[in-house]
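Please open the structure in a viewer and follow the stops below in order. Each stop names a selection and then describes what is found there.

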Amino acid sequence: MQRSLLLVAVVFAAAVAVGWLVLRDMDDGPPALPRADTSLTNLPVILPAEPDFPDRFGPVRWREAVRGTNEMSAFVTTFFRPPPPPPPPVRKTQKFQLTYQGYFETAEGTQRAYVLVNDRLAVLPPGARVVGDVVITNIHRLRLDLLQAGTQALSVPFRGTREVEVPVE
């Protein structure tokens, strides 16, 4: 109980001190307004003297003003500009050696070609994908017809080698 009364007394004393300081700083009257001087004094010259006036708007002044407008402002920054887009990915290709080593025909009439792709032997029918986008179109006794990327026709002779370049994903 003693502590509570002591705390209330201290808070009350602080409030009285703050109130006294606020009242001491206040004036009774409103602040004085500035008064205009009624005496006629020399007014400052607003317009320049006659010889300088044409030079302010002459072509020489305009050229000087325009020259300064193309300079970089101190308030311009490139920090907030987005980074440039990344370069397009490089399309990678790989070269293959195709060697036509002959064909055989089944009793049903289905043809199969022996194609050596680099060092790997593949037995493929017409329409099959050899490597990448290279497709067999026709199988003949002395040549193998291929179609690359759906547009470019290739021909590999019997026991001949042809190098093709295909995209690699």
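**Stop 1: the β4-β5 hairpin.** Select β4 and β5, which form a hairpin with 2 residues between them. In this predicted model, Gly132 in the turn has a positive phi of about 60°. Strand β4 covers residues 129-131, and strand β5 covers residues 134-139. The two strands run antiparallel and are joined by 2 bridges. One residue pair to display is Val131 with its bridge partner in β5, Val134.

**Stop 2: onward to β6.** Add strand β6, residues 143-148. A hairpin with 3 residues between the strands links β5 and β6. The strands β5 and β6 run antiparallel, with 5 bridges joining them. Val135 has Leu147 in β6 as its bridge partner.

**Stop 3: β7 and the complete sheet.** Now add β7, residues 152-157. Strands β6 and β7 are antiparallel and share 6 bridges. Within this pairing, Leu146 stands opposite Leu154 in β7. With these selections displayed together, the view shows an open sheet of 4 strands in the order β4-β5-β6-β7, with antiparallel pairing. Which strands stand at the edges? They are β4 and β7; each has a single partner strand, so one side of each is left without a neighbour in the sheet. From one strand to the next, the twist averages 40°. As background for this view, strands of a sheet pair through backbone hydrogen bonds, either parallel or antiparallel.

**Stop 4: Leu146 and the nonpolar core.** Centre the view on Leu146 and show its contacts. Leaving aside residues up to four places away in sequence, Leu146 touches Leu98, Val130, Val134, Val135, Ile136, Thr137, Gln152, Ala153, Leu154 and Val156. Leu146 also belongs to the largest nonpolar core, which has 20 residues. Those that touch the most other members are Leu98, Val115, Val130, Ile136, Leu144 and Leu146. Which strands supply at least two residues each to this core? They are β1, β2, β3 (120-124), β4, β5, β6, β7 and β8.

**Stop 5: Gln148.** Remain in strand β6 and select Gln148. Is this residue buried or exposed? At 8% relative accessibility, Gln148 counts as buried, since the cut-off for that class is under 20%. Its contacts, not counting residues up to four places away in sequence, are Asp133, Val134, Leu154, Glu165 and Val166.

**Stop 6: the aromatic pairs.** Next, display the aromatic rings; the structure holds 2 aromatic pairs. One of them is formed by Tyr100 and Phe158, with 6.1 Å from centre to centre and 80° between the planes, an edge-to-face arrangement. Tyr100 lies in strand β1 (residues 93-105) and Phe158 in the loop between β7 and β8 (161-167), so this pair ties together parts that are 58 residues apart in sequence. Tyr100 is buried, at 0% relative accessibility, whereas Phe158 is partly exposed at 34%.

Then select Phe104 and Tyr114. Their ring centres are 5.7 Å apart and their planes are at 45°, so the pair is tilted. Phe104 lies in strand β1 and Tyr114 in strand β2 (residues 111-117), so the parts tied together are 10 residues apart in sequence. Phe104 counts as partly exposed at 31% relative accessibility, and Tyr114 counts as partly exposed at 29%.

**Stop 7: Val168.** Move to the segment after β8 and select Val168. With a relative accessible area of 38%, Val168 is partly exposed. Measuring tools in the viewer may be set between Val168 and Gln94, which are 74 residues apart in sequence and 6.4 Å apart in space, C-alpha to C-alpha. Beyond residues up to four places away in sequence, Val168 touches Lys92, Thr93 and Gln94.

**Stop 8: the whole chain.** Finally, restore the full view. The protein chain has 3 helices and 8 strands, and from the N terminus on its elements run α-α-α-β-β-β-β-β-β-β-β. Of its 169 residues, 16% count as buried. Among contacts between residues at least 6 apart in sequence, 36% join residues at least 24 apart. The chain exposes about 14800 Å², of which carbon and sulfur atoms supply 61%.

Notes. Residues are numbered from 1 along each chain as its sequence is written. This is a predicted model: local features need pLDDT of at least 70, side-chain atom pairs count only at pLDDT 80 or more; totals for chains, interfaces and linings use all residues. Side-chain values use heavy atoms; hydrogens and water are left out. Rings of Phe, Tyr and Trp (its six-membered ring) pair if their centres lie within 6.5 Å; planes under 30 degrees apart count as stacked, over 60 as edge-to-face and the rest as tilted. Buried means under 20% relative accessible area, exposed over 50%, partly exposed in between (1.4 Å probe, protein chains only). Two strands pair if DSSP finds at least two bridges between them. Axes are lines fitted to C-alpha atoms, for helices over the stretch in contact, and angles run from 0 to 180 degrees between N-to-C directions. Contact means heavy atoms within 4.5 Å. A nonpolar core is a set of buried Ala, Val, Leu, Ile, Met, Phe, Trp, Tyr and Cys residues joined through side-chain atoms within 4.5 Å. Accessible areas come from the Shrake-Rupley method with a 1.4 Å probe; for residues, only the protein chains shown count as cover.
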